[in-house]
Amino acid sequence: MTSLIPPYDAHAVWVAPWTEQLSLYGWIAAMGFAVAAACGLVGNYLMLRRMALMGDAVSHSVLPGLVVAFLVSGSRSTGPMFVGALAAGAAATLIIETIHTRTRVKQDAAIGIAFSTLFALGVILTVAFAGQIDLDAECVLYGEISFVPLEPMVTLGGWTLGPEPFVRMAAVAVGVGVMILVWYKELLVSSFDPGLARSLGINPALLHYGLMATLSIVVVSAFEAVGAILVIAMLILPGSTASMLTTRLPKVHLLSLLHAALSSVLGVSLGIWLNCSMAAAMVVAGAVLFGLAWLASPSQGLVARWWHGRRRESVEQPAPGVGV
Amino acid sequence: MSAESPLEIHDLTVAYHRKPVLWGVDLVVPAGQLIGIIGPNGAGKSTLIKACMGLLPVQSGWVKLFGQPFNKVATRVGYVPQRESVDWDFPVSVMDVVLMGRYGRLGLLRRPGKADRDLARSCLEKVQLLPYANRQIANLSGGQQQRVFLARALAQQADLYFMDEPFSGVDAATEAAIIAVLRELRDQGRTLLVVHHDLPTARQYFDRLLLLNMNVVAFGPTADVYTPELLQRTYGGRLTILSEVAQALGAQEPPR
């Protein structure tokens, strides 16, 4: 078994990353938190609107955007890449909307068409211009969160803010938080009841596209760190876990942030122990937290249900199947 | 109160995928009336009220509310959508939903204040749901959910209300509570248009009826338009089943 599971060294897994190796793993965990926090906050609204798979669509469509941006600008600098990926995200959103409003194809199928086609287009472009593009397939899929501490540090007025990707991601996360604070009412009512929102003079379509643009920015910023696939977990896991534990939206947001923090810290430890991709380890840690929440949730949890079921039996009164 | 009609519709045509659902609807609604919209399934009842609030694109014609386009008078209009149109697992409390009725009057960045909460509480009191204010909305019965929507509409303090089947799936006690609230609103001079699907109660509940089947079959005081001929024209062949039942009941001979 030792060959399958690496030896477990408690000090190396739990203590070292936060003490002697803090300058390395601290930034990885911080980046993980920034990514999961930004994704989790946006993801909460995707889930409330039953659009969780829009994250899928946007993250996969980023690839052709990056390739085209590279071919046009001839550089791999952040600016053009960002613009290209954003444009691709917007294109994916538009294609999906057009297919699902102009034809009988439903939104889920439209998402399936749009994102796989755009991803395939990206693959073809990458191969066709293989000589000119240095895009690493592994990076596209899993990201390179471990390289974050190696990036140049950003300083502002003598203060070291952190490695450049982290600073960018943190700014995006703060931006998402501010947007939710500013448009809290509008997002709430248009997600719960678009008809009422419209009748209140709020434009749900405008909010929808605003949310999609925010999603694109978040996904594009997170892309380099966690890749096209794992970002989907970051969008969905924090909110899903939070909704197991509370039924109030503000608490869902706060618990999502807690989930983001815990899964990135635990993910670093798991990644060190198993010597695997840090981003993948963070997602696995987040999924384990989801499982724990499912077990322990006071209202919907497996333990609570088992307990109530047992008590009901002991009273020997099988309750009629009337809802609560 | 302005002298303008709360709702004036001229030559309204609405289509889904080029298939017309409503055509040539002309309507002038007097103020301070409780109006029932009745007609068979697919008659365009929900479509009509959605088109009035600009929720659907309109092929031709126009709708004016208090003499103005909807966007200018949105805060004077209240809306109760069909209960099934929202996700009742949404992470909000009863109070949160009722407070949404205040959002139209709050500007950007403003949260509902104490006055809004007090008003929301009094609206919940009116529909007998005050003890449920802090409940998660999933833990409510169908009738209670319908009353939450009604409380939210009350909190909108509108002059004109559109309600889409507020009586669907509710028990008799809830139905009585709802109609009492609607009558109180009407007595305050507000105008209510209510989509309804039960013919016998439509006759008791409403001052006026709008008989609708893709266009306006009749609109007038209930006593004038609740006639077998007009209902027959509204429901077409489908009413024969109803009238057979009615005849059988009238002869004290229940079918089967």
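Let's start with chain B and its overall size. For 256 residues, a compact globule would have a radius of gyration near 18 Å, and chain B has 19 Å, which agrees. That radius is taken over C-alpha atoms, and the globule rule is 2.2 Å times the number of residues to the power 0.38.

A word on ground rules. This is a predicted model, where local features need pLDDT of at least 70, side-chain atom pairs count only at pLDDT 80 or more, and totals for chains, interfaces and linings use all residues. Residues are numbered from 1 along each chain as its sequence is written, with chains lettered from A and ligands numbered from 1 in the order in which they are written.

Back to chain B. Its C-alpha trace spans about 55 × 45 × 35 Å along the principal axes. Of the 256 residues, 41% are buried. Buried means that 20 or more other C-beta atoms lie within 10 Å of the residue's own; exposed means 12 or fewer, and partly exposed is in between, with C-beta atoms placed from the backbone. Now contacts: two residues touch if their C-beta atoms, placed from the backbone, lie within 7 Å. Take the contacts in chain B between residues at least 6 apart in sequence: 68% join residues at least 24 apart.

Chain B has 9 helices and 9 strands. These are DSSP runs numbered from the N terminus: helices are H or I with at least four residues, strands are E with at least two. Strands pair if DSSP finds at least two bridges between them.

First sheet. Six strands run in the order S5-S6-S7-S3-S8-S9 in chain B, an open sheet with mixed pairing. Which strands stand at the edges? Strand S5 (77–80) and strand S9 (215–221) of chain B do. Each has a single partner strand, so one side of each is left without a neighbour in the sheet. Neighbouring strands here are turned by 15° against each other on average, direction ignored.

At one edge, S5(B) runs parallel to strand S6 (residues 160–164) of chain B, joined by 4 bridges. Val77(B) has Leu160(B) in S6(B) as its bridge partner. At the other edge, S8(B) and S9(B) pair antiparallel over 6 bridges. There, Leu209(B) bridges to Gly220(B) in S9(B). S8(B) and S9(B) form a hairpin with 1 residue between them, and Met214(B) in the turn has a positive phi of about 70°.

Helices lie on this sheet. Helix H5 (residues 172–187) of chain B crosses strand S3 (34–38), S6 and strand S7 (191–195) of chain B, at about 150° to S7(B). Helix H8 (residues 228–235) of chain B touches strand S8 (208–213) and S9 of chain B, and its direction makes about 150° with that of S9(B). Axes are lines fitted to C-alpha atoms, for helices over the stretch in contact, and angles run from 0 to 180 degrees between N-to-C directions.

Second sheet. It is open, antiparallel, with 3 strands in the order S2-S1-S4 in chain B. The twist averages 25° from one strand to the next. Strand S1 (residues 7–16) of chain B pairs with S4(B) over 4 bridges, antiparallel. His10(B) has Trp62(B) in S4(B) as its bridge partner. H1(B) packs on this sheet and touches S1, S2 and S4 of chain B, at about 65° to S2(B).

Is helix H1 (residues 45–52) of chain B buried or exposed? Of its 8 residues, 8 are buried, so the helix is largely enclosed by the rest of the structure. Among them are Lys45(B) and Lys50(B). Just after H1(B), Gly54(B) takes a positive phi of about 70°.

On to chain A. It has 13 helices and 2 strands. Its radius of gyration is 22 Å, close to the 20 Å that the globule rule gives for 324 residues, so chain A is as compact as a globular protein of that length. Buried residues make up 46% of the 324.

One helix pair in chain A. Helix H4 (residues 78–102) and helix H5 (residues 107–128) of chain A pack at about 145°, axes 9 Å apart. The contact includes Ile95(A) and Ile99(A) of H4(A), and Ala110(A) and Phe115(A) of H5(A). By class, the contact has 11 nonpolar, 2 polar and no charged residues. Nonpolar covers Ala, Val, Leu, Ile, Met, Phe, Trp, Tyr, Cys and Pro; charged is Asp, Glu, Lys and Arg; the others, Gly among them, are polar.

Last, where the chains meet. The contact takes 21 residues from chain B and 19 residues from chain A. The chain B side has 14 nonpolar, 7 polar and no charged residues.
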